[in-house]
Amino acid sequence: MKTSLGPIQYCWSKEKVSQFYQQVAESNIAVVYLGETVCSRRRQVKFSDYLNLAHMLRESGKEVVLSTLALLEAPSEYTELKKQVNNGDFIIEANDIGAVQAAKEIGLPFVCGPTINNYNLATLNKLHQWGMQRFVMPIELSKTWLSNVIAAEVATSGATLPYEIEVFAHGYLPLAHSARCFTAKQQGLPKDNCQTVCLSHSKGLLAQTQDQQPLLRVNGIQTQSASQIDLSADIAQMQQMGVNYFRVSPSSLKSIEVAENILIKPQLPEPLTCNGYWHQTSGLAQV
């Protein structure tokens with residue numbers, strides 16, 4: 001099993017993004033995803049900038065995947081998506097079924113991101129026929145679900161899955177996407193004139209209950225978990241199951257160190273973590 005570094009989910013400045021990936025280039029992380037997955041109004045880092053970073057990372061020995069938006073809302077966003085798919089050098093992580101279709105049309109291999117609804121073996125095998133080389137398991141599914149899918153494939157074909165498995169295993173979980181921008185609304189701004197207020201919240205905005213308990217994290221049109229998922233205690237079991245990649249979703253420069261070391265030495269426990277979905281219970285639980 002190898003570590004992968006998921007795309008940055010937050011709105012960071014171009015300088016901060018460049019600094020982050022310069023450090024990633026010097027790390028031992030095997031697979032790097034990069035690209036805007038949340039909101040097309042975040043224009044600090046353009047597609048051409050991501051493409052330059054992708055070439056730099058590949059030259060440093062990384063496998064690079066270009067990640068696409070999870071929610072397409074306008075024809076202009078589909079036009080931008082086609083540009084990503086037709087980049088000529090890198091495969092994509094499809095986070096919307098429109099990206100799957102665009103990749104299928106030109107025969108481009110792709111990774112299915114965690115926001116694609118892969119809930120059964122038949123769907124996975126159909127996507128594989130269309131070019132899927134790897135899938136990131138939807139975050140709300142469990143190790144029991146994954147074991148059953150693997151067992152069903154063995155029972156049907158006598159072989160293991162013909163595509164790779166990646167688990168979103170460390171970081172803030174992307175729970176939902178909406179046409180509304182909650183960060184702009186919280187600042188009293190309309191979505192169409194949001195002034196990119198996400199730049200002021202490098203890890204999103206923490207939402208709490210009336211009892212001041214952490215509940216969710218608001219990140220533009222995306223809603224995240226308040227707690228970080230941490231499945232580092234399950235690494236040995238994942239390896240036995242046949243999981244190929246342990247995904248770390250970055251939230252700061254510290255995430256690079258986590259991704260470098262999490263497979264080889266235990267992490268210090270975080271003050272607020274969860275692993276419930278993996279254990280087939282409520283996601284915010286710590287089992």
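This talk goes through the cavities, the salt bridges, one strand residue and the cysteines of the structure above. Please keep in mind that the model is predicted.

I'll start with the empty space. A search over the whole structure turns up five cavities of 30 Å³ or more. The largest of them holds about 120 Å³ of space. Its lining is made of 15 residues. If you want to find the cavity on the screen, go to Pro7, Gln9, Thr37, Pro114 and Pro174, the lining residues that lie nearest its centre. Which element gives the most to that lining? Strand β7, residues 164-177, does, with three residues. As for the character of the lining, eight of its residues are polar, five are nonpolar and two are charged.

Next, the salt bridges. The count for the model is 12. I'll take three pairs and then a network.

The first pair I want to show is Arg42 with Glu36, where the closest N and O atoms are 3.8 Å apart. Are these two residues buried or exposed? Both Arg42 and Glu36 are buried. The cut-off for a salt bridge is 4 Å, so at 3.8 Å this pair is counted.

The next pair sits within one helix. Lys83 and Glu80 are both in helix α3, residues 75-85, and they are three residues apart, about one turn of the helix. Their side chains meet in a salt bridge at 3.3 Å, N to O. Lys83 has 44% relative accessibility, so it counts as partly exposed. Glu80 also counts as partly exposed, because its relative accessibility is 31%.

Helix α3 comes up again in the third pair, which is Glu105 with Lys82; here the closest N and O atoms are 3.2 Å apart. This salt bridge links distant parts of the chain, since Glu105 is in helix α4, residues 97-106, and Lys82 is in helix α3, 23 residues away. Glu105 is at 48% relative accessibility and therefore counts as partly exposed. Lys82, with a relative accessible area of 28%, is partly exposed too.

Then there is the network. Glu63, Glu93, Arg134, Glu164, Glu166 and Arg247 are joined into one network by salt bridges that share partners.

Now a single residue, Ser227. You will find Ser227 in strand β10, residues 222-230. Its relative accessibility is 11%, so Ser227 counts as buried. What does Ser227 touch? Leaving aside residues up to four places away in sequence, Ser227 touches Gly171, Tyr172, Leu272, Thr273 and Cys274.

That leaves the cysteines. How many disulfides are there? The count is zero. Cys112 is buried, with a relative accessible area of 0%. Cys181 is in no disulfide, and the nearest cysteine sulfur, that of Cys198, is 5.1 Å away. Why does that pair not count? A disulfide needs sulfur atoms within 2.5 Å, and Cys181 and Cys198 are therefore not counted as one at 5.1 Å. Cys181 is itself buried, because its relative accessibility is 12% and the limit for buried is under 20%.

To close, here are the totals again. The model has five cavities of 30 Å³ or more, 12 salt bridges and zero disulfides.

Conventions
Residues numbered from 1 in each chain as written. Predicted model: local features only at pLDDT ≥ 70, side-chain atom pairs only at ≥ 80, totals over all residues. Heavy atoms only, no water. 1 Å grid on protein atoms, 1.4 Å probe; cavity = no way out; pocket = protein on both sides within 12 Å on 5 of 7 lines; lining within 4 Å. Points joined across faces, edges and corners; volume = space filled by probe spheres on them. Helix = DSSP H or I, 4+ residues; strand = E, 2+ residues; numbered from the N terminus. Nonpolar A, V, L, I, M, F, W, Y, C, P; charged D, E, K, R; others polar. Buried < 20%, exposed > 50% of the residue type's maximum accessible area, 1.4 Å probe, protein only. Contact = heavy atoms within 4.5 Å.
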